[in-house]
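Trainee: I should like a close look at one part of this model, namely the charged side-chain contacts and the cysteines. Could you set out what can be said of them in one connected account?

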Amino acid sequence: MKGWEVVIGLETHVQLATRSKIFSGAPTTFGAAPNTQASPVDLALPGVLPVMNAAALECAVRFGLAVGADIAPRSVFARKNYFYPDSPKGYQISQYEIPVVSGGTLTLVWQEGNEPRHKVVNLTRAHLEEDAGKSLHEDAMRSLGGSELSGLSGIDLNRAGTPLLEIVSEPEMRSSTEAVAYARVLHGLVTWLGICDGNMQEGSFRVDANVSVRPVGQPEFGTRCEIKNLNSFRFMERAIEFEVRRQIELIEDGGKVVQETRLYDPDRDETRSMRSKEDAHDYRYFPDPDLPTLVVEPELLERVRASLPELPGAMRARFERELGLPAYDAATLTAQRATATYFEAVLDGLPDRAGQAKLAANWVMGDMAAQLNRDGIGIEASPVKAGQLALLITRITDGTVSGKLARDVFQAIWDERRTEPDAADRIIAERGLKQISDSGELERIVDAVLAAHAKSVEEFRAGKEKAFNALVGQAMKATRGKANPQQVNDLLKRKLTG
């Protein structure tokens, strides 16, 4: 990609966590039988009128306040006209000229190699709208028991009218890594605020990526293509990287990029054309005559503002300021509210909150995250409770158990589903894992190691540093890993250089 600059803007559809749809009382439960959650309003039957869901408005206001955006005191719904089989009205109710949320920012923190990265991305707008239904083709029909309906398609209107908040960024991201960092931060924020469950597999959080390329130094944007409905961070990264390569190769071969909507095929790891990209005038927007102006009263604004939790950015800054955590650690621990809550509960169980914070962060981001990933569960379902992990960390810092053997204790609590608050102490005692810290005993062990490995001693004194590590390993082996590593290191250094 040398000589080229990538330009990425994201449009994210966030399904709002309301119990009913945005303009009707029909439920929004996922997985119901087709067309069992579609009311006459959702079906666009004659004589029905939409009524705004107040909870959906509160979700939008909540998001706007969290990102420092402007909340429009009066906004307007419009009809976005287009025909698809799964859109029963022939138009979508959305917001166009006056959205409820304008502006705002998201702060990204990510890691490239060992280097932390930081960027502020500006938001264009966030507007309320309704979702469309869903077309079910042959394979999906079979899964629903329609084995005799070969070659046919069906329409499921359960999703029609589901409340969405479409969040649009400025085209300020310059790589797939930045785009994924933005999507992760946004996903973390909307789940943190409780306005979305964040389930990407169920379509609750879907990203459309607008991607273009231009020669480095060129001020004008290139022709963009939109990749629709990316519902996984990994697929999103791969789709953008493929699309960037495709556009650059096309231009370098003398071709031109056509503005269009594309889909990503994960099996082939490629994007393919879906339809020519529409512009706003193609949708013939006009104000919806069935819906009055949407008014945000000052009382609603203040009530929502007062109900906001501590936001990820504020918590991240507090972790850096009060606990001395690196920016990347603080960002990782506040990426999801459940992780932040668990980490704070671990801190509450430590005798030295600030002094042990970094070790606690390492455990939550390291061993805990790895085990959660292996088992495919969230941290709120961890068998190792926050208090149990706090006690284990305390036993590492007070020298009761080594860091290596602490992992065995952690695994035992996890695998055996131990529920005792003092499970770490019990397992250490049951398995004889207590660290050897008696200086006299360790000195005898070190002397025996030096006597038995005279060649390694000679190599070390001849300048081979690796020989020292070999001697440390022998000492740890002699104690079955229970020797205090720092004391072993200090004793060896004193005896070898004294």
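Mentor: What follows treats the salt bridges in turn and then the cysteines.

The model is a predicted one. How many salt bridges does it hold? The count comes to 34.

One of the salt bridges joins Arg214 to Glu5, with the closest N and O atoms 2.8 Å apart. Arg214 belongs to strand 12 (residues 205-215) and Glu5 to strand 1 (residues 4-15), so this pair ties together parts that are 209 residues apart in sequence. As to the surroundings of the two side chains, Arg214 has a relative accessible area of 9% and is buried, whereas Glu5, at 25% relative accessibility, is partly exposed. The 20% limit for a buried residue therefore falls between the two values.

A further salt bridge is formed by Lys119 and Glu178, for which the N to O distance is 2.7 Å. Here the partners come from a strand and a helix: Lys119 is in strand 8 (residues 115-130) and Glu178 is in helix 3 (residues 176-192), so the contact ties together parts that are 59 residues apart in sequence. Glu178 is buried, its relative accessible area being 13%.

Strand 12 enters again with Asp208, which lies in that strand, while its partner Lys228 lies in strand 13 (residues 225-230); the pair therefore ties together parts that are 20 residues apart in sequence. The closest N and O atoms of the salt bridge between Lys228 and Asp208 are 3.0 Å apart. Which of these two residues are buried? Both Lys228 and Asp208 are.

Salt bridges also occur as a network, in which Glu310, Arg318, Glu344, Asp348 and Arg353 are linked.

The cysteines remain to be considered. In general, a disulfide is a covalent bond between the sulfur atoms of two cysteines. How many disulfides are there in the model? The count is 0. Cys59 illustrates the result: its nearest cysteine sulfur is that of Cys196, 9.3 Å away. Because a disulfide requires the two sulfur atoms to be within 2.5 Å, Cys59 is in no disulfide. Cys59 is nevertheless buried, at 10% relative accessibility. Cys225 is likewise buried, with a relative accessibility of 0%, and this residue falls within the range of strand 13 (residues 225-230), the strand that holds Lys228.

To return to the charged pairs, the three described here link strand 12 with strand 1, strand 8 with helix 3, and strand 13 with strand 12.

Technical notes:
Residues numbered from 1 in each chain as written. Predicted model: local features only at pLDDT ≥ 70, side-chain atom pairs only at ≥ 80, totals over all residues. Heavy atoms only, no water. Buried < 20%, exposed > 50% of the residue type's maximum accessible area, 1.4 Å probe, protein only. Salt bridge = Lys/Arg side-chain N within 4 Å of Asp/Glu carboxyl O. Helix = DSSP H or I, 4+ residues; strand = E, 2+ residues; numbered from the N terminus.
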